[in-house]
Amino acid sequence: MRREAASAAMAATVLVSACAGTPATGAPEKAGESGGSGGSVVRTDAGAVRGTVTDEHRIFQGIPYAAPPVGGLRWSSPAPVRAWTGVREATGPGSVCPQVGSDYAKVTGSDEDCLFLNVTVPRTPARNRPVMVWIHGDGALGSGDLSDVRRIATRGDVVVVTINYRLGVFGGFGYPGLEGSGTYGLQDQQAALRWVRRNAAAFGGDPANVTAFGVSWGALSIGGHLTSPGGEGLFDRAVMQSGEGMMDMLAGSMGEGVPAYPYYAWRTVAEIEKTGTYVAPRLGCADLRCLRALPVEKILQVPQIMNMFQTYAYGNETLPASPAAELRAGRFHRVPVISGATRDEHRIFVGLLHDAAGRPVTAERYGRLLRTAFGRDAARVRARYPLTRYGSPGLAWAAVVTDRMWARATFEQNRLLGLRTPTYAYQFADRRAPMFLPLRTDFPWGAYHAGDMPYLFTEKAVTFTPAQRRLSDQMIAYWTTFARTGDPNGEGLPRWERFDPAVPVPHTQSLEPDAIGPVDYAADHDLGFWRAGR
């Protein structure tokens, strides 16, 4: 069935969830009472929390930013958190939101009481530090605490907030008559951003200088917030890393049998509600009251149910129209933006869907994939991407999809943003980037989707060369300088010009070890060929 095939395809994006971090260690100190003083107790607008103080950081984990979305609050807008008395322990992460995990990301959970966030602050007391809010990727798997942000917080002298939000069927479910169908995950993110505005100062952050940054599903979510009425005024800058917000989906690109879609990540409310009516009888329910009473475990037993509702819905109060259409019309909140992608985005999906599954792309299968995706134009595409140019049919297919789907959409996003707001475009180009996921195949990953995350975060599962460590330091400096000023340029960094759509070759900063500088992104991905509408 088309719905289940598409859901299986969306499951492939599980791999972009978050870097698995290692919790900070160190002996806690005695409590202090002031957010700027360096103490372990901070008073939020709902009550006091006690975090952990180490030699380099203050870390507060598991702070609730909304009421538990349980019972009648399942599939409802996030409600205010109930205030508490005394001091709440914030020395460990809260529950992950319900999810089923995967072969390469062993993260599972069934507790709907999961709307928590974490705050990491450099140990040195200060006030009015820039605040960076990390929105993790995927949409069906992950949690804020899996991203170890200690390094970026310390090197950049910033406050970093990571968040949980409802995922899959709990964040994107739709049903006829259900208010907010398909948007609960986005609404959670907006609630967390409102919390940051209210409480950043208590942690030494500047509530008037908030940067939302995210990868993959997190980046496309930020694209949604840029066009959502509810997103106005919630953040002052945005960083979108490998976001799919402008992307369509080629037939077969996310697995053989997966159909084409006009949008990779957005669906109409009607589409989401239709999927809800398809699922309800399979859960033994005929109405919303029954669905809300179901145990989480029973819901998660439906095959692919997390990925059926991974996308977000538009045509509602949260997203009145498709974010891609809104961006094309120039209807978005004006904030400075860093926007970019990796050089070899689709390699990881080819390696995962084909090689790691024991079905590598052969020459015959390459031809079949091209015919599925491009029909009568397949021969022209094959002539443009001949097998003789690549090391394998799998690499050829990855190049086709990277250029046609990922690069074309990223370049359009950069152009539309650059027309109206300060925009800095980049391409992460380290083709020797270490793989941080436990994928067992010798497929050459290159500069793969989300391969830039370990360069920003503390990632003990990878080993950098000295040149890669220097690139990591430079990327952190770019990101945090941008968070501080709205411009990534800083002392000792290679110059990064704005993306100017009016010039023949708009500046895109190539991020590569010991080789940072401009790249002709359109030429690098043959966008002149793909602009013809194929």
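**Exercise 1.** Which residues are linked with Arg368 in a network of salt bridges?

*Solution.* The model is predicted. A search of the whole structure finds 22 salt bridges. Glu256, Glu364, Arg365 and Arg368 are linked in a network of such bridges.

**Exercise 2.** Find the partner of Asp157 in a salt bridge, and decide for each of the two residues how far it is exposed.

*Solution.* Step 1: the side chain of Asp157 meets that of Arg129, with 2.6 Å from N to O. Step 2: locate the pair. Asp157 sits in the loop between helix H2 (150-156) and strand E8 (159-163), while Arg129 belongs to strand E7 (residues 129-135), 28 residues apart. Step 3: compare accessibility with the cut-off, since buried means under 20%. Arg129 has 4% relative accessibility and therefore counts as buried. Asp157 has 32%, so Asp157 counts as partly exposed.

**Exercise 3.** Work out which parts of the chain the salt bridge between Asp473 and Arg151 links.

*Solution.* Step 1: the closest N and O atoms of Asp473 and Arg151 are 2.2 Å apart. Step 2: Asp473 lies in helix H15 (residues 466-485) and Arg151 in helix H2, so the pair links distant parts of the chain, 322 residues apart. Step 3: Arg151 is buried at 16% relative accessibility, whereas Asp473 is partly exposed at 21%.

**Exercise 4.** Describe the largest cavity and its lining.

*Solution.* Step 1: the volume of the largest cavity is about 100 Å³. Step 2: of the 14 lining residues, Gly223, Met246, Pro323, Leu327 and Gln413 are the closest to the centre. Step 3: helix H5 gives the largest share of the lining, five residues. Step 4: by class, the lining has nine nonpolar, five polar and no charged residues.

Conventions:
Residues are numbered from 1 along each chain as its sequence is written. This is a predicted model: local features need pLDDT of at least 70, side-chain atom pairs count only at pLDDT 80 or more; totals for chains, interfaces and linings use all residues. Side-chain values use heavy atoms; hydrogens and water are left out. On a 1 Å grid over the protein atoms alone, a cavity is a set of points where a 1.4 Å probe fits but cannot get out, and a pocket is an open set with protein on both sides within 12 Å along at least five of seven lines; lining residues have an atom within 4 Å of a point. Grid points are joined across faces, edges and corners, and a volume is the space filled by probe spheres set on the points. Helices (H or I, at least four residues) and strands (E, at least two) are DSSP runs, numbered from the N terminus. Ala, Val, Leu, Ile, Met, Phe, Trp, Tyr, Cys and Pro count as nonpolar, Asp, Glu, Lys and Arg as charged, and the others, Gly among them, as polar. A salt bridge is a side-chain nitrogen of Lys or Arg within 4 Å of a carboxyl oxygen of Asp or Glu. Buried means under 20% relative accessible area, exposed over 50%, partly exposed in between (1.4 Å probe, protein chains only).
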